[in-house]
Amino acid sequence: MGDNSLVLGHRVSEWCGVAPVLEEDIALANTALDLIGQTQLWLGLAAECEDKGRDADALAFHRDVWDFRNLLLVEQPNRDFGHTMMRQFLFDAWHSLVLAALKSSENSDIAAIAEKSLKEVTYHLERSSDTVIALGDGTEESHKRMQAGLDRLWPYVGEMFLTDEHDLIDVTALRPAFDELTNDVLDTATLSIPTDNFTHKGGKTGARHTEHLGHMIATMQFLPRAYPDAKW
Amino acid sequence: MYAQMVKSTGTGVKALDEMEPQERAFQERINAGDKIEPKDWMPAGYRKNLIRQIGQHAHSEIVGQLPEGNWITRAPTLERKAILLAKVQDEAGHGLYLYCAAETLGVTRDELTEMLLDGRMKYSSIFNYPTLTWADMGAVGWLVDGAAIMNQVPLQRTSYGPYARAMVRICKEESFHQRQGFDIMMTMAKGTDAQKHMAQDALNRFWGPSLMMFGPSDENSVHSAQSMAWKIKMNSNDELRQKFVDQTVSQAEYLGLTVPDENLKWNEKKGGYDFSQPDWDEFFDVLRGNGPETTERMEARNKAWDDGAWVRDGMMAHAAKKKAMKVAAE
Ligand SMILES: [Fe+2]
Ligand SMILES: [Fe+2]
Ligand SMILES: [Fe+2]
């Protein structure tokens, strides 16, 4: 959960100062901020559970690609605003369902983080749904771009629903709810869901990330790696 | 400042008894400390001058996102990343308040944006400088937001109501930015040798450009005299620059950093520091478009605007369709 929010938060923050309209600069920064805040909580808890003297920053800034457990979807580059918002929508839809399930976790720390995050993510989902609908329905060009984003990102959707032995919840069981939610929005947006359900995998297990992740963490980790003795 | 070298009517300040009754009543309201509101009568020059000033200020907030945005993806801790993101988000918000204030004067945000993008309007010279190390995030908050506050605190009392109110909201956030910047500088200045080096280097590079933010001396400027009579400028450039130097030198001492000015000396008689003027030739070069990052800044803003056109069009088209459907249903 922490790696997902870290990697997506980083991606969204790349929009800083160059969004299509001022309100979007503010909204994207807001989303990135929420995600970085969630990262601090999840990775903080992960470090505590690990109990090896690391903290959230050590996990964020001193692990290499193979140790990242984020979904491939969130490491996909921003490309254009359409891809960015489609990625956000697909992730938000999944994220809100997962957080709702984790909210009832027996582990009270997890339940608390999930509850706090869900409030933020509910708002993210509302926003990204509205944007996907508006731009899907908007002009011929905006429709074309949103469809291109959906087509390009669809092969990364399936991975979100692969359950493995580390999962606390059965994520596969969340797929019908996800389909219902996304069908609804994409339909209103006049977009067609790709029929090929092939999925790339390897992000969540760390077995095979895409090439994009290495570049991202090279940027993200530069300072703590270059000056290991420094405190910031 | 965020608005530099704003030109007024250029004809000089008229005495009250040279004014037509309407203008005289307007000036008397200003003298009495009244706020002018959008629906009130105002001289054309006052309106034009304010549009230039508020517009330039708004553009500075917007372009000002870029030098700091340059380090968001390289912030060294999660907390620093969050703080910097929040700061840059605030700056976008400042831009929004200010465009709204300008719109009350009869110009649209899109018109102002186009004037920025085609070079008819300017933004503060300071944002044409590069941010090269993480210490620059400290220096920008400490010095640049610090200098902005010097100018903006008095502007909370400016005569135009919407501008004054925007300043009140903005000032609260700016002082927070300055503290955060100072905190970064402090951490760096007390850190490893490499960090100290970065901190001193940042101060060296940002000191002169920060002093330039106040603009050249305007003791003899007719534009400034008019703006001050209208209370859309509250202090002279030299006055604010002096105040900034006096405040900042002791902070630099506290940090253990050296202000890069051999002539810096406490002057007991004036109760302030004597200091060297920044390189005004460089300042005028920057205003002419030859700042070290000017081309990059303008390219980035133009690209954002052009790349975003389909998004803005799409949003508008959708909103229009929704509206038409609602009308049809009624
Ligand atoms: Fe600001
Ligand atoms: Fe600022
Ligand atoms: Fe600021």
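# Exercises on a two-chain model

A:Asp51, with a relative accessibility of 65%, counts as exposed (over 50% relative accessible area is exposed, under 20% is buried and in between is partly exposed, using a 1.4 Å probe and protein chains only). This is a predicted model, where local features need pLDDT of at least 70, side-chain atom pairs count only at pLDDT 80 or more, and totals for chains, interfaces and linings use all residues. Residues are numbered from 1 along each chain as its sequence is written, chains are lettered from A and ligands numbered from 1 in the order in which they are written, and side-chain values use heavy atoms, leaving out hydrogens and water.

## Exercise 1: Positive phi

Find where A:Asp51 sits and work out what its phi value is.

**Solution.** Start with the location: A:Asp51 is in the loop that joins helix H2 (22-50) to helix H3 (56-61) of chain A (helices are DSSP runs of H or I with at least four residues, strands are E runs of at least two, and both are numbered from the N terminus). Next, look at the backbone: phi of A:Asp51 is near 60 degrees, which is positive although the residue isn't glycine.

Now try chain B. B:Lys231 also has a positive phi, near 55 degrees, and is a residue other than glycine. You'll find B:Lys231 in the loop between helix H9 (222-229) and helix H10 (237-255) of chain B. With 26% relative accessibility, B:Lys231 counts as partly exposed.

## Exercise 2: Where the chains meet

How many residues of chain B are in contact with chain A, and what is the area buried between the two chains?

**Solution.** First, the contacts: 47 residues of chain B touch 50 residues of chain A (contact means heavy atoms within 4.5 Å). Second, the area: chain B and chain A bury about 3,900 Å² between them, and carbon and sulfur atoms give 72% of that (buried area is the accessible area, with a 1.4 Å probe, that two parts lose on being put together, summed over both). Third, the big contributors: B:Leu78, B:Gln89 and B:Trp310 supply 21% of the area that chain B buries against chain A, more than any other three residues.

## Exercise 3: Two helices side by side

Which way does H2(B) run relative to H3(B), roughly parallel or roughly antiparallel?

**Solution.** Begin with the axes: those of helix H2 (residues 44-63) and helix H3 (residues 65-72) of chain B come within 5 Å and cross at roughly 15 degrees (axes are lines fitted to C-alpha atoms, for helices over the stretch in contact, and angles run from 0 to 180 degrees between N-to-C directions). So H2(B) is roughly parallel to H3(B) (under 35 degrees is roughly parallel, over 145 roughly antiparallel, 65 to 115 roughly perpendicular and the rest oblique). Then pick out the residues: B:Glu61, B:Ile62 and B:Val63 from H2(B) meet B:Gln65, B:Leu66 and B:Pro67 from H3(B).

## Exercise 4: Three residues in helices

Take B:Lys87, A:Glu120 and A:His83 in turn, and decide whether each is buried or exposed.

**Solution.** B:Lys87 lies in helix H4 (residues 78-103) of chain B and is buried, at 9% relative accessibility. Setting aside residues up to four places away in sequence, B:Lys87 touches B:Glu68, B:Val140, B:Asp145 and B:His177.

A:Glu120 is in helix H6 (residues 108-137) of chain A, and its 18% relative accessibility makes it buried. Not counting residues up to four places away in sequence, A:Glu120 touches A:Asp34 and A:Gln38.

A:His83 belongs to helix H5 (residues 81-102) of chain A and counts as buried too, at 10%. Apart from neighbours within four places in sequence, A:His83 contacts A:Asn78, A:Ala148, A:Gly149, A:Arg152 and A:Leu153.

## Exercise 5: Cysteines

How many disulfides does the structure hold, and why is there no bond from B:Cys171 to B:Cys100?

**Solution.** The count over all chains is zero (a disulfide is a pair of cysteine sulfur atoms within 2.5 Å). For B:Cys171, the closest cysteine sulfur is the one in B:Cys100, but it's 17 Å away, so that's too far for a bond. As for surroundings, B:Cys171 is buried, with a relative accessible area of 7%, while A:Cys49 is exposed at 58%.
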